[in-house]
Amino acid sequence: MTDQSQVLADVRRGMIPAHIYHDEEIFRLERERVFGRSWMFLAHESEVPHPGDYVVRRVLDDSFIVARGEDGTVRAMFNMCLHRGMQVCRAELGNASHFRCPYHGWSYRNDGRLIGLPFHREAYGGEAGFRRADQALLPAPALDSYRGLIFISLDPDAPPLLDYLGDFAFYLDFYANQSPGGIELAGPQRWRIKANWKIGAENFAGDSYHTPQTHSSVVEIGLFREPKASKRKEGALYWAGRGGGTTYKLPPGGFAERMRYVGYPDEMITRARETWTDAQQRMIAEDGFMISAASLFPNLSLVHNWPKVADGSDDEVLPFISLRQWQPVGAGETEVLSWFAVDAGAPEEFKRLSYKAYLMCFGSTGMFEQDDVENWVSITSTAAGSMARRLLLNSRMGLLHDDKPVTPPLAHFSGPGTAYVGYGEYNQRALLRLWADCLERPLNRAARVELGSS
Ligand code: FES
Ligand SMILES: [Fe+2]
């Protein structure tokens, strides 16, 4: 990695070599060292609630069948037939007791075990010649879940998911655990953008600064109630464990008043009070911050926002939650997966309106989405050229020349990690520091074999 060491050194001081947003060599390293070892979100348990339910999801080029077996266990199995390598499951989701390979017809139970081979006796000499019992679709090297969110890692030696998340789990709960029943997901909508995967992850992690400029029209047309988009700078930016995010500052009030302010009905507020820890509630009730966008390294982002959903001048807002994944297709292209998430116990009318709020803002045709992607595509296409190799982008917002912060971190903040108020690129730098740490460490040999790249 000697030729890249200057790139990593620049990234670590907040000066970003522009070409990292569109560079085949960097992407080759990311494939091995970022996506080859991190925990990556694959699906939510609510997407496969019953035995036999499955969804097919990708990590880069690797396709996985995420299926709930008859025993109730959710597994992630590499979607490649043990015979000649055909994709065993070609549907995106469904319910099946077995998967039959379309090529020659080997069939597998929904827990991955090989159960049937056409002409087993004639072609293989039956069980004596080829024992089915020892054969199963290759499992994901590591699988773990948190609050129903299923993650896999391609590194069999990955640390436990909870260790990986670290203190970010505190913040993940605001999105994934609003009541004892947890959340349910709808979607994902999927589409491709000609943008590098890191840009979305960085933006959601901490770019409050773009809102007044990029999304000014959303405020102008009245979709958003917050008096001015510039209100964002009064929110706190936090970084904890392997993730970080943005918050909005709420008007004065207690827990219930502030939850009501963003549109939660009383019954959901009561359940949230029973579910969240004292510290989680204090972040809203005493600190006055409501979580908004966030990213978990490397490529999962979350968003919580509360637009106006009623027509006319009515000031009523309603909150929505979305999970989104920036799934790299190449150095200059990303598949976006966007899920709508909602408290499973929420009233049906709330779910309906919350879904509408999501679609208006962050579905594939959402207004925030449209605004954002225009920027990211432009960055990616320009980053491919030769001049981008000479340019260091300034990502030092919030730092003085001597690396001291423009304003010190918050002394009193109920959440873990470090939080700042005001504009700053603390989180983008933290995310790219994790990226640099990954890039500089080659994978161990065993993990590389799993990746099939040695
Ligand atoms: S490739 Fe699957 S049965 Fe032959
Ligand atoms: Fe945005």
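In the predicted model, strand S16 (residues 300-305) and strand S17 (residues 320-330) pair in the antiparallel sense, and six bridges connect S16 with S17. Within this pairing, His-304 is placed opposite Ile-321 of S17. Strand S15 (residues 289-296) is likewise antiparallel to S16, with three bridges between S15 and S16. Ala-294 has Leu-302 of S16 as its bridge partner. The connection from S15 to S16 is a hairpin of three residues.

The side chains of S16 alternate in direction. Leu-300, Leu-302 and His-304 point one way from the strand, whereas Ser-301, Val-303 and Asn-305 point the other way, and all of these residues are buried. Because six of the six residues of S16 are buried, the strand is largely enclosed by the rest of the structure. His-304 thus combines a buried position with a place opposite Ile-321 in the pairing with S17, and Leu-302, also buried, is the bridge partner of Ala-294.

A further sheet is open and contains four strands, arranged in the order S5-S4-S3-S6 with antiparallel pairing. Its edges are formed by strand S5 (74-78) and strand S6 (93-95), each of which pairs on one side only. Neighbouring strands of this sheet are turned against each other by 25 degrees on average, direction ignored. Strand S4 (residues 62-68) runs antiparallel to S5, and five bridges join S4 to S5. One of the residue pairs involves Arg-68, whose bridge partner in S5 is Val-74.

Three strands make up another open sheet, in the order S2-S11-S10, and here too the pairing is antiparallel. Strand S2 (39-44) and strand S10 (142-146) occupy the edges with a single partner strand each, so one side of each is left without a neighbour in the sheet. The average turn between neighbouring strands of this sheet is 30 degrees, direction ignored. Between S2 and strand S11 (residues 149-153), the antiparallel pairing extends over five bridges. Met-40 has Ile-152 of S11 as its bridge partner.

The loop between S11 and helix H5 (161-165) contains Asp-155. With a relative accessible area of 9%, Asp-155 is buried, because buried means under 20% relative accessible area. Asp-155 and Arg-37 are separated by 118 residues in sequence, yet their C-alpha atoms are 4.9 Å apart in space.

Among the helices, H7 (residues 197-206) is largely enclosed by the rest of the structure, since 10 of the 10 residues of this helix are buried. The buried residues of H7 include the charged-class residues Lys-198 and Glu-202, together with Trp-197, Ile-199, Gly-200, Ala-201, Asn-203, Phe-204, Ala-205 and Gly-206. At the start of the helix, a side-chain oxygen of Asn-196 comes within 3.0 Å of the backbone nitrogen of Lys-198.

H7 also contributes to the largest pocket: H7, helix H8 (211-214), helix H14 (367-383) and strand S19 (392-394) each supply at least two residues of its lining. The volume of the largest pocket is about 500 Å³. Its lining comprises 18 residues, and those nearest the centre are Ile-199, Glu-202, Asp-207, Ile-379 and Glu-425. Of these central residues, Ile-199 and Glu-202 are also among the buried residues of H7. Classified by residue type, the lining of the largest pocket has seven nonpolar, eight polar and three charged residues.

The second largest pocket encloses about 260 Å³ of space. It is lined by 15 residues, with Leu-399, Tyr-420, Tyr-426, Arg-429 and Arg-433 closest to its centre. Strand S13 (236-240), strand S20 (418-421) and helix H15 (426-440) are the elements that give two or more residues to this lining. The most is given by H15, which provides five residues to the lining of the second largest pocket. By class, that lining divides into seven nonpolar, two polar and six charged residues. The linings of the two pockets thus each have seven nonpolar residues, while the charged residues number three in the largest pocket and six in the second largest pocket.

Methods: Residues are numbered from 1 along each chain as its sequence is written. Chains are lettered from A and ligands numbered from 1 in the order in which they are written. This is a predicted model: local features need pLDDT of at least 70, side-chain atom pairs count only at pLDDT 80 or more; totals for chains, interfaces and linings use all residues. Side-chain values use heavy atoms; hydrogens and water are left out. Buried means under 20% relative accessible area, exposed over 50%, partly exposed in between (1.4 Å probe, protein chains only). A polar contact is a pair of N or O atoms within 3.5 Å; within protein, one must be able to donate a hydrogen and the other to accept it, and residues adjacent in sequence count only if both atoms are side-chain atoms. Two strands pair if DSSP finds at least two bridges between them. Axes are lines fitted to C-alpha atoms, for helices over the stretch in contact, and angles run from 0 to 180 degrees between N-to-C directions. On a 1 Å grid over the protein atoms alone, a cavity is a set of points where a 1.4 Å probe fits but cannot get out, and a pocket is an open set with protein on both sides within 12 Å along at least five of seven lines; lining residues have an atom within 4 Å of a point. Grid points are joined across faces, edges and corners, and a volume is the space filled by probe spheres set on the points.
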